[in-house]
Amino acid sequence: MRTAVSLARPLADGSDTSVAIPFFYDLPEAAIPSAAKLWDRARAEDYNGQAAYQDFAQDLYFLGIETPPRSIVKRWVAGVQAGMIERPGPVSSACMPEATPKASPARAKAERPRATAEACTPPQDASRDDIEAFASRLFDNALAELQRDLRAQAAKIVASQLRVIADRYDAAA
């Protein structure tokens, strides 16, 4: 599993740009799914830096991980958008497909179970134990993703309600 992500691609003139980006260079293992989600969002056509950073920060908050400053995240996202940073996390053994950047969020969520089943099929000669272990891993991954989505949605609802309360206090002042 890849836990260190840096801008490590030589420039056209042959010079090396191996600049380690703090936090992302030594990415905590628990933060890898959140960083992968941010990577996917950064590659999307409708990327919104503020919203993506807030969602990333909320994910890390729920994981008990200190959020890096926005300037660090912006540097990392710039590297992602320039094609200089690989997607964090395991390449093919995660049994969860990468988000399709051009699909709408509702369509991506609707297609997720079908894509997950297609991407993660056990071998034909698998034993019953192998299939049960596979099903358990698939279930755990799907549940973890749903929990992250629910936590993020709950955090957005709470943030929205807090903004309404703050607006009322501002209007009263």
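Guide: Contact here means heavy atoms within 4.5 Å. The model is predicted: local features need pLDDT of at least 70, side-chain atom pairs count only at pLDDT 80 or more, and totals for chains, interfaces and linings use all residues. Residues are numbered from 1 along each chain as its sequence is written, and side-chain values use heavy atoms, with hydrogens and water left out.

Visitor: Let's start with alanine 35. Which residues is it in contact with, leaving aside its neighbours within four places in sequence?

Guide: Alanine 35 sits in helix α1 (helices are DSSP runs of H or I, at least four residues, numbered from the N terminus). Its relative accessible area is 0%, so it counts as buried (under 20%, against over 50% for exposed and partly exposed in between, with a 1.4 Å probe and protein chains only). With neighbours within four places set aside, the contacts of alanine 35 are Phe24, Leu27, Phe56, Trp76 and Pro88.

Visitor: What separates the C-alpha atoms of alanine 35 and proline 88?

Guide: Along the chain, alanine 35 and proline 88 are 53 residues apart. Proline 88 still turns up among the contacts of alanine 35. From C-alpha to C-alpha, the separation is 6.6 Å.

Visitor: Which elements give two or more residues to the largest nonpolar core?

Guide: A nonpolar core is a set of buried Ala, Val, Leu, Ile, Met, Phe, Trp, Tyr and Cys residues joined through side-chain atoms within 4.5 Å. The largest one has 21 residues, and those with the most contacts inside it are Phe23, Phe24, Leu27, Leu38, Phe56, Val73 and Trp76. The elements that give it two or more residues are α1, α2 and α3.

Visitor: Val73 is on that list. What is valine 73 in contact with, once neighbours within four places in sequence are left aside?

Guide: Valine 73 is one of the buried residues of α3, and what covers those residues includes α1 and α2. With the sequence neighbours set aside, the contacts of valine 73 are Phe24, Leu38, Tyr53, Phe56 and Pro68.

Visitor: How wide an arc do the buried residues of α3 cover around the axis?

Guide: The buried residues in α3 are Ile72, Val73, Trp76, Val77, Gly79 and Val80. They lie on the same side of α3, because the arc they cover (taken from the directions from the helix axis to the C-beta atoms) is only 155°.

Visitor: On to charges. Where in the chain are the two partners of the aspartate 59 and lysine 37 pair?

Guide: The structure holds 4 salt bridges (a side-chain nitrogen of Lys or Arg within 4 Å of a carboxyl oxygen of Asp or Glu). In this one, N to O is 2.9 Å. The partners are 22 residues apart, with aspartate 59 in helix α2 (residues 49-63) and lysine 37 in helix α1 (residues 32-43).

Visitor: Is aspartate 59 buried or exposed?

Guide: Its partner lysine 37 is partly exposed, with a relative accessible area of 27%. Aspartate 59 has a value of 6%, so it is buried.

Visitor: Which residues do salt bridges with shared partners join into one network?

Guide: Aspartate 55 meets arginine 41 at 2.3 Å, N to O; the former is in helix α2 and the latter in helix α1, so the bridge ties together parts 14 residues apart in sequence. Aspartate 55 also bridges to lysine 156, with the closest N and O atoms 3.5 Å apart. That second pair spans 101 residues, with lysine 156 in helix α5 (residues 128-172). The network is Arg41, Asp55 and Lys156.
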